[in-house]
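Q: Hi! I'm new to this one, could you walk me through it?

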Amino acid sequence: MSEPIFLNAPLHDKLWGGGGDHLTEYGFDLPSDHVGGEAWIVSAHQHGQSTVENGPFKGQTLGEVWEQHPEVFGGHPADQAFPLLVKILDANTDLSIQVHPDDEYANQHGEKYGKTESWYILAATPDAKLYFGHTAQTREELAQAVNEGRWDDVLRTVPVKAGDFVYVPSGTLHALGAGIIALETQQSSDITYRFYDFDRPDKQTGKLRPLQIDQAIEVTTVPHQDYPTQPEKIAIQDGTYTKLVHAKYFDVAKIEVNGTTKLEALKPYQIMTVIDGSGKLKVAGQDYDLTKGQSLILPNDVNEFELTGQMTLITSKANK
């Protein structure tokens, strides 16, 4: 099918959403009782699936299309889950200090995928920071600091601003800090081990959320390893194409267009989200309106496409 698949995102309330309403800037309607947090803009995960807004699959979940029409995605083994999950996160307060396991550990504990992720920083307050990595040189040193609550001694922090990109492999101790809005591209996994949650009670139970300190210590990379990325900016007609990361599980890039540009589609399928501006997408001679916050998938049959307008998009494809 030479037609883009537009997706509608499920929303997730999070403690750290804390009343933030920045998701409305990306076209999401927040119910009056919504505290903010995450929009799962491209998801076939069981904890929240995107639904198709157009075309022959309208009303179906992304997971249903993936399972029933593998040809749309270039074909895949019957037991393979849709590999990626893309979110927009509105961190009104600090996220919990956490870590995610790799595939091998996740498989041993009943999960399909581990979780390697990445963040494109959409917006950040002047003092915004990430919690990223630790200073411990041995697992014993890390465990002692965590069990004694000496977070200031062991946590690394990194200042961030809009336009920054951060690659977060499994095993990396991390958290988004308050005042950050980020687009997250990750493996399709919801497995998280919390080290520390700033002693915040769950809004429904009034109790502190459970921590998984033993598992977190077990899967954390020690000593910490940075994985710096080197964005590669390429001039295209009326814009730029910036390769943000080429990694084991996914590629992520940024497209900026001011005018009209034609591009070859990524294979086996391409995910795109408009993060700023508006315009039109042309596929197989058909025009589609694009506005800020829209997400779509270009299926395997699409070989090229045209973008017209003044807008910025984050695009990705699965590598495994």
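Here is a short chat about cores, strands and salt bridges.

Q: What kind of model is this?
A: This is a predicted model, in which local features need pLDDT of at least 70 and side-chain atom pairs count only at pLDDT 80 or more, while totals for chains, interfaces and linings use all residues. Residues are numbered from 1 along each chain as its sequence is written, and side-chain values use heavy atoms, with hydrogens and water left out.

Q: Cool. Which residues touch the most other members of the largest nonpolar core?
A: Those are Ile 41, Val 42, Phe 73, Phe 82, Ile 88 and Ile 297, in a core of 39 residues. A nonpolar core here is a set of buried Ala, Val, Leu, Ile, Met, Phe, Trp, Tyr and Cys residues joined through side-chain atoms within 4.5 Å. Buried means under 20% relative accessible area, exposed over 50%, and partly exposed in between (1.4 Å probe, protein chains only). There is also a second, separate core of 35 residues, which includes Trp 119 and Leu 155.

Q: Switching topic: how does strand E1 pair with E21?
A: E1 (residues 5-8) and E21 (residues 295-298) run antiparallel, with 3 bridges. Ile 5 sits opposite Ile 297 of E21. Strands are DSSP runs (E, at least two residues), numbered from the N terminus, and two of them pair if DSSP finds at least two bridges between them.

Q: And what does E1 do with E6?
A: That pairing is antiparallel too, over 2 bridges, with E6 covering residues 51-52. Asn 8 has Thr 51 as its bridge partner there.

Q: Now Lys 87: buried or exposed?
A: Lys 87 is buried, because its relative accessible area is 3%. This lysine belongs to strand E7 (residues 84-91).

Q: What does the side chain of Lys 87 make a polar contact with?
A: The side chain of Gln 186, at 3.2 Å. A polar contact is a pair of N or O atoms within 3.5 Å; within protein, one must be able to donate a hydrogen and the other to accept it, and residues adjacent in sequence count only if both atoms are side-chain atoms.

Q: How many salt bridges are there?
A: The structure has 10, each being a side-chain nitrogen of Lys or Arg within 4 Å of a carboxyl oxygen of Asp or Glu. One of them joins Lys 87 and Glu 184, with closest N and O atoms 3.8 Å apart. Lys 87 is in E7 and Glu 184 in E14 (residues 180-187), so this pair ties together parts 97 residues apart in sequence.

Technical notes: Helices (H or I, at least four residues) and strands (E, at least two) are DSSP runs, numbered from the N terminus.
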